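Please read the following briefing alongside the sequence and the 3D view. It goes through the cross-links of the chain, then a helix, then a strand.

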Amino acid sequence: MRLRIYKRKVLLLALALALCALALWGSGGGEAAAGGGGSSSSSGAVPVSPEPPRVSEPPPPRRPAANASAASPAPPLLSENGTLSYRSLVYRLNFDQPVRNAGRFPARAAAADVVLVVQVHDRAEHLRLLLESLRRAAGVENVLLVLSHDLWAEELNRLAAGVDFCPVLQVFFPFSIQLYPREFPGHDPRDCPRDVGKAAALRMGCINAEYPDSFGHYREARFSQTKHHWWWKLHFVWERVRALREHTGPVLFLEEDHYLAPDFYHVLKKLWALRERECPECQIVSLGTYSPVRGGFAGRADKVEMKTWKSTEHNMGMAFGRDTYQKLIECTDAFCTYDDYNWDWTLQHLTVSCLPKFWKVLVPEIPRIFHTGDCGMHHKKSCRPSTQSAKIDSLLNSNHQYLFPETMSVSKRYSMAPLSPHVKNGGWGDIRDHELCKSYRRLQ
């Protein structure tokens with residue numbers, strides 16, 4: 001009975017999106033979709049215009065009543081009308097998919113050989129540094145950059161609008177806390193407190209009393225959102241972005257607090273070719289790990305290691321193709337019901353529980369990706385991303401002569417065996433999370 005109730009709620013969320021679409025149609029958005037986005041949807045073409053609509057400047061009639069602050073740890077609560085305005089805007093942008101700079105890079109907007117997908121939350125300074133590192137990278141004009149947001153914020157939109165070095169598409173997670181601030185998937189006032197205990201929760205009558213996690217805790221929306229966003233984004237990029245319908249190359253998954261070396265594109269292309277030649281069974285290519293670089297790059301910048309994929313090492317700058325995605329999406333039920341709010345630890349679980357084979361990875365000895373985010377969901381110290389990026393720049397500048405290797409070769413082949421997560425972290429016991437996560441393939 002409970003399961004049917006929660007499934008009904010997921011269907012109501014889908015109905016809310018449909019109502020947003022009808023509202024747009026009645027206010028003029030329907031004509032725009034029918035004239036531009038609608039026709040491109042049926043033909044498979046990328047919507048291209050001399051000046052695509054600026055995401056940071058929505059049309060006045062649909063402008064939200066208030067703007068979220070990128071500096072805030074949580075988005076401010078909006079009025080009901082403001083929330084509905086945001087939902088309508090997100091629905092429209094995800095449907096229309098305007099590719100900025102498509103006129104400047106027409107071939108790459110329609111058929112990029114590499115796609116970069118960045119999961120963006122609220123850390124504008126980290127995103128600024130990532131985009132700066134991209135601007136300096138050789139070959140970046142050949143990529144399609146997809147920024148996937150779970151927060152509407154003017155500062156983040158201004159940063160996206162400032163990208164002029166490659167085609168860029170912004171998409172928005174449609175079930176964010178910002179869009180549902182007082183109901184699931186945000187925090188419903190009727191939800192159980194995290195630490196209340198199941199017996200007390202049943203006495204209280206809070207709506208998710210039957211579904212604590214493995215450790216007896218109840219869901220916290222701010223932690224659940226990241227895993228939801230990652231799985232929605234995975235499916236949306238591979239299945240719903242019209243510019244990628246025919247894409248056969250790698251998709252590189254990044255986060256806002258990553259930082260790329262000037263030769264990342266060059267090295268990624270070399271790694272992808274090396275995978276096809278020497279390790280076709282390697283499902284993943286990673287641009288680096290979190291281990292600090294000790295010593296110089298000499299004799300190592302062209303070397304690659306082959307090993308078992310490990311979520312705590314190879315979740316940064318992770319690239320894979322459509323074949324790997326198709327096997328992964330078949331594990332939707334396993335991903336969506338595993339009680340760990342971390343998407344990467346959940347993937348580790350899938351490698352030993354659902355996927356046909358455990359994952360093998362190619363990773364360069366000298367990383368081409370770095371981490372500037374020593375703060376955030378798993379960290380409590382203050383953020384100094386510019387200090388970290390300056391250290392990375394110093395390392396790269398002192399070894400610039402070793403970048404852009406002509407060839408890359410496998411130097412170490414580790415013995416490989418399946419790896420299970422050593423612990424389950426919980427935070428994902430609520431059946432509503434399970435059902436919403438499983439519904440993304442149906443709702444889009």
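**Disulfides and two buried elements**

The torsion about the S-S bond of Cys336 and Cys437 is about -65°, so this disulfide is left-handed. The model is a predicted one. A search through the whole structure finds four disulfides, and the bullets below take up several of them before turning to helix α6 and strand β7.

**The link of Cys336 and Cys437**

- The sulfur atoms of Cys336 and Cys437 are 2.0 Å apart, and the two residues form a disulfide.
- Cys336 lies in helix α12 (residues 332–337) and Cys437 in helix α15 (residues 431–443), so the disulfide ties together parts that are 101 residues apart in sequence.
- Cys336 has a relative accessible area of 0% and is buried.
- Cys437 also counts as buried, at 1% relative accessibility.

**Other cysteines**

- Cys192 and Cys206 form a disulfide, with 2.1 Å between their sulfur atoms.
- Cys192 is in the loop between β3 (168–172) and α7 (198–204), while Cys206 is in the loop between α7 and α8 (221–239), so this pair ties together parts that are 14 residues apart in sequence.
- The link of Cys192 and Cys206 is right-handed, with 95° about the S-S bond.
- Cys192 and Cys206 are both buried.
- Another disulfide joins Cys279 to Cys282, with an S to S distance of 1.8 Å.
- The link of Cys279 and Cys282 is right-handed, with 75° about the S-S bond.
- Cys279 is buried, its relative accessible area being 0%.
- Cys282 counts as buried too, at 0% relative accessibility.
- Cys166 has a relative accessibility of 1% and counts as buried.

**Helix α6**

- Helix α6 (residues 154–161) has six of its eight residues buried, so the helix is largely enclosed by the rest of the structure.
- The buried residues of α6 are Glu154, Leu156, Asn157, Leu159, Ala160 and Ala161.
- What do the buried residues of α6 pack against? They pack against β1 (114–120), α5 (124–135), β2 (143–149) and β3.

**Strand β7**

- Strand β7 (residues 303–308) is mostly covered, with five of its six residues buried.
- Strand β7 pairs with strand β11 (residues 409–413) in the parallel sense, over four bridges.
- In the pairing of β7 with β11, Lys303 stands opposite Ser409.
- Strand β7 is also joined to strand β9 (residues 360–364) by five bridges, and these two strands run antiparallel.
- Glu305 stands opposite Val363 in β9.
- In a regular strand, side chains alternate between the two faces of the sheet.

**The chain overall**

- The secondary structure of the protein chain comes to 15 helices and eleven strands.
- The protein chain has 444 residues, and 55% of them are buried.
- Of the contacts between residues at least 6 apart in sequence, 82% join residues at least 24 apart.
- The protein chain exposes about 18,700 Å², and carbon and sulfur atoms supply 53% of that area.

Technical notes:
Residues are numbered from 1 along each chain as its sequence is written. This is a predicted model: local features need pLDDT of at least 70, side-chain atom pairs count only at pLDDT 80 or more; totals for chains, interfaces and linings use all residues. Side-chain values use heavy atoms; hydrogens and water are left out. Buried means under 20% relative accessible area, exposed over 50%, partly exposed in between (1.4 Å probe, protein chains only). Contact means heavy atoms within 4.5 Å. Accessible areas come from the Shrake-Rupley method with a 1.4 Å probe; for residues, only the protein chains shown count as cover. A disulfide is a pair of cysteine sulfur atoms within 2.5 Å. Two strands pair if DSSP finds at least two bridges between them.
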